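Here are a few notes to go with the model, meant for someone opening it for the first time. Have it on screen and follow the points in order.

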Amino acid sequence: MATIPTLTRKGFLSIAGDEMTETTDKKPTPRVRNAPTVLIAGAGPTGLTLACELARSGVSFRLIEAAPGPRPGSRGKGVQPRTLEVFDDLGIVDRVIANGRMAMPIRSTAPDGQVTRTGAETSRNRPDIPYPASLITPEWRTEEALRLRLAELGGAVEFGTALSGFEQSDEGVTAVVVKGGEAETVTARRLVGCDGGHSIVRKRAGIGFAGETREEVRMIVADVEVDGLDRDAWHMWRHEEGLVSLCPLPSTGLFQYQAVLAPGQDPELGRANLQAILDRRSGRTGIRLHGPEWSSLWRANVRLADRYREGRVFLAGDAAHIHSPAGGQGMNTGIQDAHNLGWKLAAVAKGASPALLDTYEAERRPVAAGVLALSNARLAQAIEQKAFPARRDANTTQLNVGYRGSTLAHDDRDETAPLRAGDRAPDATGLMTVEGERRLFDLTRGGRFTLLAFGDAPALAAPPLGLRTLRVVGRPAGPGDVADTGGHLAGAYGATGRTLVLIRPDGHVALISDAGDASAVSRHLAAIG
């Protein structure tokens, strides 16, 4: 690695192998221990997901977080169906669901007192969709589940450790981190900024953050105890001065309080103002608030990074895109950023072509741009109609997020095919193996490439190490054999008697060949490296 001088509080440091020595008059002191492959700044849901991806792939990393400990607050409380599939792949979905509530109904009261109840609909009995509705759970519960999984994989968060700066060369990144007032220099092959909207990584990398801050659009968000209100639904009251809502937070005794503020309205976060707003807008006097235990004033700061990469430095989550809370998209988009980037970083660390990392921005930035447009539209609707839209579709559930047109997507199907390369790989139930009945996601879990070979599809001449192959046959005779007893697998993938489907580690379709072109699969995997 090239020597990069780095300024700290004590002077310039220079790298020599795996040690860091000061060039001051003082005695040289070792400053760097076992350099990680990836340094991750920020241990929110995005950084934690990325760390779990790397840990299960055996790639070394350090996950640093400036905050002294886990962050409180419900914050991003909606977990979308596609994110639940990511959590299924990581092995934490049961833990997350146990602390949440699926398809929470919304009880909305209009200014004239008319009550409507919506939002409890789900797409039931869909063998291709295992999680048919959004889940409500406080964000700290999501982070807790990810930290527990990270610990099971041998990793941990370094709390109270802040990134103060970095430089990069063709060989790696040299970063200075500070903990307890002491600076340490860390060398890593790559740096990923998951450090939020005020990202140090983004700013030091010189990446623009285009967008706008609309001071006239604000919202109070708080976690409060509530007397005099049932927990059976998310309660909303529409009023001429704005919306106020109370959403019960599963696995806690709290509600999340939200109140949209118009210009000139009091933004004070104390209990008295929260209570006064609720009393005026709900028209009820029997609901009493206590706390708040956590509170925040959200402003419409909606932005998208000009690019997601600068050399060996990457952005993910809120460091790359900030959305309005309407529609519950921001946290989910960040988690899916990490799911996309994680397998690619791991593959390159193990010898895949570095060009694979170019596909991260190409695939994920358009997704964030679309989410920005959707969340802005939903926020405008919430302000105008004094209610959050209750309807959920493929846009909000994120089940339609895909990468058609990516350089990693290849198929021999025409434009009219319902499933194309780049799309989310659907689930399927009723699969019989020698070990018993399974669903497809049970067999593809774990962050590896999976090849589905239907019927008479030819085998690969030299399947690469680590490729999981599932051969769809009439009757399973050995490991890797799958019987599609209900026809759900062939139906979901539109398979013929010779179809080959290659599924990526992040659960998207890499390649489909209805012609059974095994050489195309081999070429695709070889191109990745």
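**Notes on rings, a helix and a sheet**

1. Start with an arginine and a ring: R202 lies over the face of F209, 3.7 Å from the ring centre. There is another such arrangement to look up, with R231 over the face of F255 at 4.9 Å from the ring centre. Keep in mind throughout that this is a predicted model.

2. Next, rings with rings. The structure has three aromatic pairs. One of them is Y308 with Y360, a tilted pair with 5.7 Å from centre to centre and 50° between the planes. That pair ties together distant parts of the chain: Y308 sits in the loop between β20 (288–305) and β21 (309–310), while Y360 belongs to helix α8 (residues 358–385), 52 residues apart. Buried or exposed, these two, Y308 and Y360? Both are buried. Bring F314 into view as well, since ring pairs link Y308, F314 and Y360 into a cluster.

3. Now have a look at helix α7 (residues 330–349). Does its length add up? At 1.5 Å a residue, its 20 residues should span 28 Å, and the end C-alpha atoms are indeed 28 Å apart, so the two agree. The helix is mostly covered, with 18 of its 20 residues buried. Just after α7 comes G351, which has a positive phi of about 115°.

4. On to the sheet. It is an open one of eight strands with mixed pairing, and the order runs β24-β31-β30-β27-β28-β29-β25-β26. The edges are β24 (410–411) and β26 (436–438); each has a single partner strand, so one side of each is left without a neighbour in the sheet.

5. Within that sheet, follow strand β27 (residues 450–454). It pairs with strand β30 (residues 500–503) in the antiparallel sense, over four bridges. If you want one bridge to check by eye, take L451, whose partner in β30 is L502.

6. Finish with T450, which is placed in β27. Why call T450 buried? Its relative accessible area is 1%, and buried means under 20%. Which residue does its side chain reach with a polar contact of 2.6 Å? The partner is the side chain of R468. Setting aside neighbours within four places in sequence, T450 is in contact with T444, L467, R468, L470, V501, L502 and I503. So R468 turns up both in that contact list and as the polar partner, which makes T450 a handy place to end the tour.

Technical notes. Residues are numbered from 1 along each chain as its sequence is written. This is a predicted model: local features need pLDDT of at least 70, side-chain atom pairs count only at pLDDT 80 or more; totals for chains, interfaces and linings use all residues. Side-chain values use heavy atoms; hydrogens and water are left out. Rings of Phe, Tyr and Trp (its six-membered ring) pair if their centres lie within 6.5 Å; planes under 30 degrees apart count as stacked, over 60 as edge-to-face and the rest as tilted. Helices (H or I, at least four residues) and strands (E, at least two) are DSSP runs, numbered from the N terminus. Buried means under 20% relative accessible area, exposed over 50%, partly exposed in between (1.4 Å probe, protein chains only). A charge sits over a ring if NZ of Lys or CZ of Arg is within 6 Å of the ring centre and within 35 degrees of the ring normal. The expected span of a helix is 1.5 Å times one less than its number of residues. A polar contact is a pair of N or O atoms within 3.5 Å; within protein, one must be able to donate a hydrogen and the other to accept it, and residues adjacent in sequence count only if both atoms are side-chain atoms. Contact means heavy atoms within 4.5 Å. Two strands pair if DSSP finds at least two bridges between them.
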